[in-house]
Amino acid sequence: MVPLHLLQVIFAFNEKLSVSELIRASFKLGNKYWLVTFGLLIIASLIAQVGILLCFIGILFTAYFVHIPIYYLYKHTVGFEDETDEIEF
């Protein structure tokens, strides 16, 4: 399940990859950092459950907390291309 969680973030930042390349990349990254990713997902999901304790109103604020560790894992392992937009006069 860990590589499948990474599939979303890899697709979001690499839209031009084919389906097989996306799955291959997510399994390669997921298997390399499996324990760290699994631990972060468990901790983030436990924190996200606080929204249920707040009478379901807090779910609006805590439901997407699970996606934050996956984003930072992708950001620090794969990174982004530095695109500087320069304005020409």
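In this predicted model, Tyr72 has a relative accessibility of 40% and therefore counts as partly exposed, since that class lies between the limits of 20% for buried and 50% for exposed residues. Tyr72 also contributes to a nonpolar surface patch of about 600 Å², which is made together with Ile43, Ile47, Val50, Leu54, Phe65 and Ile68. Two helices, α3 (34–48) and α6 (67–77), each supply at least two residues of this patch. Ile68, which is placed in helix α6, is likewise partly exposed, because its relative accessibility is 38%.

A search of the whole structure finds four aromatic pairs. One of them joins Phe13 and Tyr74, whose rings are stacked, with 5.6 Å from centre to centre and 10 degrees between the planes. Because Phe13 belongs to helix α1 (residues 2–13) and Tyr74 to helix α6, this pair ties together parts that are 61 residues apart in sequence. Phe13 counts as partly exposed at 39% relative accessibility, whereas Tyr74, at 3%, counts as buried. The rings of Tyr71 and Tyr72 are arranged edge-to-face, because their planes stand at 70 degrees, with the centres 5.3 Å apart; Tyr71 is itself partly exposed, at 30% relative accessibility. Phe13, Tyr71, Tyr72 and Tyr74 form one aromatic cluster.

In helix α3, the residue Thr37 has a relative accessibility of 3% and so counts as buried. When its neighbours within four places in sequence are left aside, Thr37 is in contact with Val2 and Leu73.

How values were computed: Residues are numbered from 1 along each chain as its sequence is written. This is a predicted model: local features need pLDDT of at least 70, side-chain atom pairs count only at pLDDT 80 or more; totals for chains, interfaces and linings use all residues. Side-chain values use heavy atoms; hydrogens and water are left out. Patches are made of residues with over 30% relative accessible area and no salt bridge: like charges are joined within 9 Å, nonpolar side chains (Val, Leu, Ile, Met, Phe, Trp, Tyr) within 5 Å. Accessible areas come from the Shrake-Rupley method with a 1.4 Å probe; for residues, only the protein chains shown count as cover. A salt bridge is a side-chain nitrogen of Lys or Arg within 4 Å of a carboxyl oxygen of Asp or Glu. Helices (H or I, at least four residues) and strands (E, at least two) are DSSP runs, numbered from the N terminus. Buried means under 20% relative accessible area, exposed over 50%, partly exposed in between (1.4 Å probe, protein chains only). Contact means heavy atoms within 4.5 Å. Rings of Phe, Tyr and Trp (its six-membered ring) pair if their centres lie within 6.5 Å; planes under 30 degrees apart count as stacked, over 60 as edge-to-face and the rest as tilted.
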